[in-house]
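Here are some short exercises to work through with the model open beside you. Try each task before you read its solution.

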Amino acid sequence: MADLTDKQLAQLKQMLDEREQALRAELHREVDEKDEFLEVATEAPDPGDSSFANLAVDLGNAAVTRDLTELRAIEAARARMENGVYGDCVSCETEIPFERLKVQPTAERCAPCQEVYEKTHIDSMRGTTM
C-alpha cells in the first residue's frame, strides 16, 4: 500500500463512507421519482405528457446507472484497502499521491496513467447515449 499515514487512511475511509451514504440516499430518491414518472407515462392520455414521462424515466435510468457505477468504485477502493494495495496505481504500480486520493478517493491510477487510460478507452467510457 502507498505510504499513507493512519490518519490519512482514516480520512479517506470516512470520505468513502460519506459518499456511499449520499449515493444510497440519491438512489432511493431516483427510484421513487422513476416510479412516479412511470405512473404518469402509463396514465397520461396526452402524448406530450407521455413523451416527457418517458424522457424523465430514461434520464433517471442514466442517473441510477451512474450512481451504481460509483458505488462499485467505492467497493473496489475498499477492497484495495483490505488487500493492502490502495493508493498504488493499477497500471504502473507507483504511489498515487494523497492529494489525488483526497480529490478522488476511488482513484485506481495515478494522473498520468489515468490520462493514457482515458485516451485509449474513450469508447468504453462514453456509455449509452440517447
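**Exercise 1. Decide whether aspartate 67 is buried or exposed, and find its surroundings.**

Solution. Start with the accessible area: aspartate 67 has a relative value of 1% and is therefore buried. The scale used here calls a residue buried under 20% relative accessible area, exposed over 50%, and partly exposed in between (1.4 Å probe, protein chains only). Next, place the residue: aspartate 67 belongs to helix α2. Helices (H or I, at least four residues) and strands (E, at least two) are DSSP runs, numbered from the N terminus. Finally, list the contacts, meaning heavy atoms within 4.5 Å. With neighbours within four places in sequence left aside, aspartate 67 touches Leu23, Glu26, Leu27 and Glu30.

Before going further, a word on the ground rules: this is a predicted model, in which local features need pLDDT of at least 70 and side-chain atom pairs count only at pLDDT 80 or more, while totals for chains, interfaces and linings use all residues. Residues are numbered from 1 along each chain as its sequence is written, and side-chain values use heavy atoms, with hydrogens and water left out.

**Exercise 2. Describe the chain as a whole.**

Solution. Count the elements first: there are five helices and zero strands, giving the pattern α-α-α-α-α along the sequence. Then turn to burial: of the 130 residues in the chain, 28% are buried. For the surface, the chain exposes about 8,700 Å², with carbon and sulfur atoms supplying 52% of it. These areas come from the Shrake-Rupley method with a 1.4 Å probe; for residues, only the protein chains shown count as cover. Last, take the contacts between residues at least 6 apart in sequence: 57% of them join residues at least 24 apart.

**Exercise 3. Work out which residues have the most contacts inside the largest nonpolar core.**

Solution. Begin with the rule: a nonpolar core is a set of buried Ala, Val, Leu, Ile, Met, Phe, Trp, Tyr and Cys residues joined through side-chain atoms within 4.5 Å. The largest such core has 20 residues, and Leu4, Leu12, Met81, Tyr86 and Leu101 have the most contacts inside it. The elements giving two or more residues to this core are α1 (6-43), α2 (47-83) and α3 (98-103). Now zoom in on leucine 4: beyond its neighbours within four places in sequence, leucine 4 contacts Leu9, Leu12, Tyr86, Phe98 and Leu101.

**Exercise 4. Find out how many disulfides there are, and why cysteine 92 forms no bond with its closest cysteine.**

Solution. Apply the cut-off: a disulfide is a pair of cysteine sulfur atoms within 2.5 Å. The count is zero. Cysteine 89 is in no disulfide, and its nearest cysteine sulfur, in cysteine 92, is 3.7 Å away. For cysteine 92, the closest cysteine sulfur is that of cysteine 113 at 3.6 Å, which is too far for a bond. Compare the burial classes too: cysteine 89 is buried at 2% relative accessible area, whereas cysteine 92 is partly exposed at 35%.

**Exercise 5. Locate glutamate 93 and check its phi.**

Solution. Glutamate 93 sits in the loop between α2 and α3, and its relative accessibility of 66% makes it exposed. Now the backbone: most residues other than glycine have a negative phi. Glutamate 93 is not a glycine, yet its phi is positive, about 65°. As a last step, follow the chain: glutamate 93 and alanine 2 are 91 residues apart in sequence, and their C-alpha atoms are separated by 9.5 Å.
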